[in-house]
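Hi,

Here is the structure I said I would pass on. Have a look at it first, and my notes follow underneath.

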Amino acid sequence: MRYAVGIDLGGTRIKGALVDGRGNLVTAAKTATAAAQGVEVVIERIRRLIAELLLSVPKGGTVVGVGLAVPGVIDMPSGTVLFLPNLPGGWSDVPLARLVGDHFGLPTHLLNDARAATLGEKRYGSGRNSRNMVCLTLGTGIGGGIIINDELYFGSEGTAGEVGHQTVELHGPPCNCGNEGCAEALASGPALAALAVKAVMQGATTKIRDLAEGDLNRITPKLVSQAAALGDPVALGIIRKVGGYIGTAIANLVAVLNPDMVVVGGGVAQAGPALFQAIEETVASRVHVAKGGRGNVVIVPAGLGEDAGVAGAAAWALERAGDSRS
Ligand SMILES: [Zn+2]
C-alpha cells in the first residue's frame, strides 16, 4: 500500500496524518504552531510531526511524499511560501517544500489550505461523486476552491478559488483583502457573531443573551445556532441574513461555473438546516440560466470536518507521485 503524509499548517495548530491511497487517516497527530516563535521553530515543529507520523507506516508500506497545506499565498512550482496573512512575520519567500522535503528525502508539495480542503472533500468526502464542484469553508474567513473535470482549478497564477472575496454587497463593510462588501466580510464566523452582539447590545429579546449569560464575549456562531435551534427569532433572522449572503455567493458560482455540486463546510455551516434553507432559497431565486433555472446542482454539507485539509494535502502528494485518483 502507498501512503502520503498530509500536513495542515494553521495559525494555532499544525495537524498531520498518514493517509493511505483510499483516503483513510491511518494515524493523526497535532501540535501547537508556536507561530510567535518564528519561522524556524514552526518548520522544526512540522518536521517533528512528520517524523512522528512516519513511525506509524505499516510494514511493507511506501510513503510517496508529503503534502503541505498552508494558509496563504504560495508559488506552487517552486514550493515557496510567499505570504501568510495570519502567521507573524518572516514568512515571505520561504522555500518550505525544500526545507521540509530535503530533511526526509521525500517529494514535498505545497497547496493553499482551502484548496487542500476542497481536494479532500472531492476525493474522499461529500464530493466523491461530483465532477464539477465548488467548495466553501465558512470559518474565521471564507475559503474555498473549484474543481473542474475532477481537477482543482488554479487559474493563471494559482490563486483561483477565492470564493469568499466575491462582492455580495456593493458598498458593504471593508474586508481584510482591501475590497468592501466581500462575502467574507458579511458572512464569516466573526461577521455572524458580530450581528448577534449588535442585537444583544440593542436590547433585543433573544435567547442569545441567556445562552451567553449576558457575556458578549461568549457569543459565537455555535451559540447563535443553538439559539436558532430553540426557535429564537433573532437568531433565526441572523442566520437567514448570513445565509442570504452565502447563497448570493453560491448563486454567482452556480451561474458562472454550472457545477453539479456545492460543498459547504466550516464552523458556520454547523448553523444547520436554517442556514441551508436560506442558501437554497437564495440560489433558487437568483439563478435562472441553467436547466430548470438553477440546474441540477446539489448543495451539501462537507463530509470530512476538520480532517479535510490533511486528507486533501495527502491526496495532492499521492497524485503528484502519479497515483491514480480514487
Ligand atoms: Zn475580501
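**What I found**

Asp150 sits in the loop between E9 and E10. Keep in mind as you read that this is a predicted model. I started with Asp150 since its backbone caught my eye: phi is near 75 degrees, a positive value in a residue other than glycine. Asn149 belongs to that loop too, the one linking strand E9 (142-148) to strand E10 (151-152), and its phi is also positive, near 50 degrees. How do the two stand for burial, exposed or partly exposed? Asn149 has 7 other C-beta atoms within 10 Å and is exposed, while Asp150 has 13 and counts as partly exposed.

Now the chain as a whole. You'll find 10 helices and 12 strands in it. Its radius of gyration is 20 Å, close to the 20 Å that the globule rule gives for 326 residues, so the chain is as compact as a globular protein of that length. Along the principal axes, the C-alpha trace spans about 60 × 50 × 35 Å. Buried residues account for 48% of the 326. As for contacts between residues at least 6 apart in sequence, 63% of them join residues at least 24 apart.

Next, helix H3 (residues 113-124). With 12 residues at 1.5 Å each, H3 should span 16 Å, and its end C-alpha atoms are indeed 16 Å apart. How many of its residues are buried? The count is 12 of the 12, so H3 is largely enclosed by the rest of the structure. That buried set takes in charged residues by name, including Asp113, Arg115, Glu121, Lys122 and Arg123, along with Leu119 and Tyr124.

Then there are two helix pairs, both involving H8 (residues 233-257). The axis of helix H7 (residues 221-229) comes within 7 Å of that of H8, and the two cross at roughly 120 degrees. That angle makes H7 oblique to H8. The crossing is left-handed. On the H7 side the contact is made by Val224, Ser225, Ala227 and Ala228, and on the H8 side by Ala235, Leu236, Ile238 and Ile239.

H8 also packs with helix H9 (residues 273-286): these axes come within 7 Å and cross at roughly 45 degrees. H8 is therefore oblique to H9, and this crossing is right-handed. Residues of H8 that meet H9 include Leu236, Ile239, Arg240, Gly243, Gly244 and Gly247. Among their counterparts in H9 are Ala274, Leu275, Ala278, Ile279 and Thr282. Leu236 and Ile239 are worth clicking on, as they turn up in the contact with H7 and again in the one with H9.

Last, the loop that leads into H7. Thr220 lies there, between helix H6 (207-211) and H7. It has 17 C-beta neighbours inside 10 Å, so Thr220 counts as partly exposed. Which residues from further back in the sequence can be paired with Thr220? One is Ala194, 26 residues away in sequence and 8.7 Å away in space, C-alpha to C-alpha. Another is Ala191, 29 residues away in sequence and 10.0 Å away in space on that C-alpha basis. Ala191 is part of helix H5 (residues 189-201) and is buried, with 24 other C-beta atoms within 10 Å. Leaving out residues up to four places away in sequence, Ala191 touches Ala185 and Leu186.

Cheers

Definitions and conventions. Residues are numbered from 1 along each chain as its sequence is written. This is a predicted model: local features need pLDDT of at least 70, side-chain atom pairs count only at pLDDT 80 or more; totals for chains, interfaces and linings use all residues. Helices (H or I, at least four residues) and strands (E, at least two) are DSSP runs, numbered from the N terminus. The radius of gyration is taken over C-alpha atoms; the globule rule is 2.2 Å times the number of residues to the power 0.38. A residue is buried if 20 or more other C-beta atoms lie within 10 Å of its own, exposed if 12 or fewer, and partly exposed in between; C-beta atoms are placed from the backbone. Two residues are in contact if their C-beta atoms, placed from the backbone, lie within 7 Å. The expected span of a helix is 1.5 Å times one less than its number of residues. Axes are lines fitted to C-alpha atoms, for helices over the stretch in contact, and angles run from 0 to 180 degrees between N-to-C directions. Angles under 35 degrees count as roughly parallel, over 145 as roughly antiparallel, 65 to 115 as roughly perpendicular and the rest as oblique. A crossing is left-handed if the near helix is turned anticlockwise from the far one by less than a right angle, and right-handed if clockwise.
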